[in-house]
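Good morning, colleagues. Please take a moment with the sequence and the structure before I begin.

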Amino acid sequence: MGLMTFLRNRAGYILIGAIGFAIVAFLVGDAVNVGKPFWAESQKVVGSIDGEDISIDTFGPKVDQSLAQFKQQYGGSGNAQMQAMAVDNVWNGEIATVLLGKEYNRLGLTISGDELFDLLQGKNPSPLIVQYFGNPQTGQVNRAEVIASLKQQAKNPQLKQQWDMLQAEIEKQALQQKYANLVRNSVYVTTLEANDEYINRNKLANFKYVALDYATIADATLKLTESDYSDYYNANKARFESPAETRSFEYVTFSVNPTKDDSVAVRTQVEKLAADFKTAVNDSLFAALNSDVKVPYVYMSKGKLDPAVDSVVFNVPAGSYYGPKFSGNSYKLVKVVDTRFSPDSVKASHILIDPAKLGGVDKAIKLADSLKGLVQGGANFAALAKQYSVDGSKDKGGDLGTFSRGQMVPEFENAAFNGKPGDLKVVTSQFGVHLIKVEKQIGNSKVAKLAYIEKNLSPSNKTKDAAYKKASSFLAEVKDNNFSELAQKKGYTVGVADKVTASQGFAPGLDNPRQLIRDAYAADKGDILKEIYQMDNAFVIARVTGVNPKGTLPLEAVKKDIEPLVRNAVKAKMLTEKANAALQGAGNLDQVAKKLGQPVNPVQNIVFANPIIPGAAQENKLVGSVFGSQPGKVSQPVDGERGVYVFSVDNFINPAPLANTYKQKEAMMQAIAQRSLGSAFQALQDKAKIKDNRVKFY
């Protein structure tokens, strides 16, 4: 496929630095410092990266292109989460561009003219050249096509602009590859490390243990003190490092789901619509005007519609009406206009003629008819395609491969599927005038042309107004310190969203939370946000409950989260005392078990690298203690994830010594190499000063 064809079909997504930029795979959105105060920054600055400001004028269009790509990739019209993904994608690309660019300069990494020539049209083409100019089956690049396209730049400013962007992206990828190789080649594995890893994965431990499960102490019997919390917090401070500022908020939702009255009203409307549908002069036009969901008026194969409708319409004769049928959240009305048996897929070639170059559609059709006559007279279709077609397929003789229904524009699809092998057809579409050659048709199944109406069950204005009135009343009455109490008094459920980052596009229970999150970042702890937020099916009132800055979170910010862990820590102390008492005077594990009234559990063939105790849990501390013990000795109590353990090692089984550490080192090097680029880039981020003002714009 030629570059211009690619750009026409894909809207030029190569502009985005993050696309095709492998470093983004290693980026973690919450590892970026969220700057504050953002209101002091320039009005157009989305953020600054190591002293370089990023303007919304350049950032915004990249986000739009990234969002368009996600829509193409995942389908749909886009939502808050997809928008947040696009913003993160571009932001991470900007960080990579700035920080890696500085690192390349510092290290003296460049791409020479000879290297660039080789990447564009030499024997070692860039992956991007392979993607745009390579044969999909073989991966072989058509160098003649690349060179021809490069030569056309002088006459085509648009093509030159696209080549400039592509070349910049190729250089960026090549530089990153050099940097990745440099980092990868700077790491190594010693013989000692290789032997340790081998032992950790192959040395077997057989041991017995007695467990005192935390669950044996009822939570209700414990009264946790402030010192219990602070003891646990101080012993585990490293766990509470927050890489970015977060906000927490509570909220009340006022539903606008359809009421029974709304359902009756919609049903009445649909029944009238059904009656009018049956008397409509033009079925397809009536359906297009009245349906909430647009279904193309083309022949469709079974399996494309809602199962409740799909299972019926392909089993009734043409002219039949079906519905109203309620499924999902909508009523469906269908008229089967026509049915026939049709190929499942078609192999075809075409010659695409651009009417603009010939002075109009009539002249383009005349040329297509002339070419059709030449082919019927024995001329080579592939040769004519190479000479006359403006599509990227011309260098493959116009070959479009095999395609199923729904992949081509309707005019092209109808010609290809309704004809027969060997047919030559001239049709006009949005792309120009096509001379189509139907090469082959595969399979045969029933298809149907449908006039299709779908009416969603949606709330009435009366229902929306009532929900909004409730939300307004609550907002007017609530104070900063009585949010939860007032909500409970009125019978409303209070939702909670904890540790929400400034850029995330989701929040628990909220389908469109971006404006709420933005406002939460402009408010203080305890503030009630003054707006009534509209979600897809609800109005929402919210209050900021926590502002957690970047860095080590204070005890108050994590107190609720760590409560179960603190409870287990207190239980561990109590059960450790109990185990120590049982150890007094005990000569072996059986005597300890008898004193504690617990069974002895034997465990076979445990390795250090996989510390899973069968039937219990992952117990890192227990297994680590086992591999650091001598056989035959009863251990001291070990507080683990599920309980307190006392154990005794039966024996260790050592693997055969490594005769040659080469393979072990090679495997470890591959694993380290995969992580090395991400680790190096994270180090660059940690050293850089990054201010993130995206919440001001998105």
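Helices and strands here are DSSP runs, with at least four residues for a helix and at least two for a strand, numbered from the N terminus. On that basis, the chain of this predicted model holds 23 helices and 21 strands. Its radius of gyration is 34 Å, whereas the globule rule gives 26 Å for 698 residues, so the chain is more spread out than a compact globule. Along the principal axes, the C-alpha atoms occupy a box of roughly 105 × 75 × 60 Å.

I turn next to burial and contacts. Of the 698 residues in the chain, 43% are buried. Among the contacts with a separation of 6 or more, 71% join residues that lie 24 or more positions apart.

As for the surface, the accessible area of the chain is about 36,100 Å², and carbon and sulfur atoms contribute 51% of that. The chain carries 83 positive and 72 negative charges, and the mean positions of these two sets are 4 Å apart.

Allow me to close with a single residue, Q664. Where is Q664 found? Q664 belongs to helix α23, which covers residues 662–687. Is Q664 buried or exposed? The cut-off for buried is under 20% relative accessible area; Q664 has 18% relative accessibility and therefore counts as buried. Which residues is Q664 in contact with, leaving aside its neighbours within four places in sequence? They are A194, E197, Y198 and L658. Thank you for your attention.

How values were computed: Residues are numbered from 1 along each chain as its sequence is written. This is a predicted model: local features need pLDDT of at least 70, side-chain atom pairs count only at pLDDT 80 or more; totals for chains, interfaces and linings use all residues. Side-chain values use heavy atoms; hydrogens and water are left out. Buried means under 20% relative accessible area, exposed over 50%, partly exposed in between (1.4 Å probe, protein chains only). Contact means heavy atoms within 4.5 Å. The radius of gyration is taken over C-alpha atoms; the globule rule is 2.2 Å times the number of residues to the power 0.38. Accessible areas come from the Shrake-Rupley method with a 1.4 Å probe; for residues, only the protein chains shown count as cover. Lys and Arg count as positive and Asp and Glu as negative; His and the chain ends are not counted. The place of a charge is taken as NZ of Lys, CZ of Arg, CG of Asp or CD of Glu.
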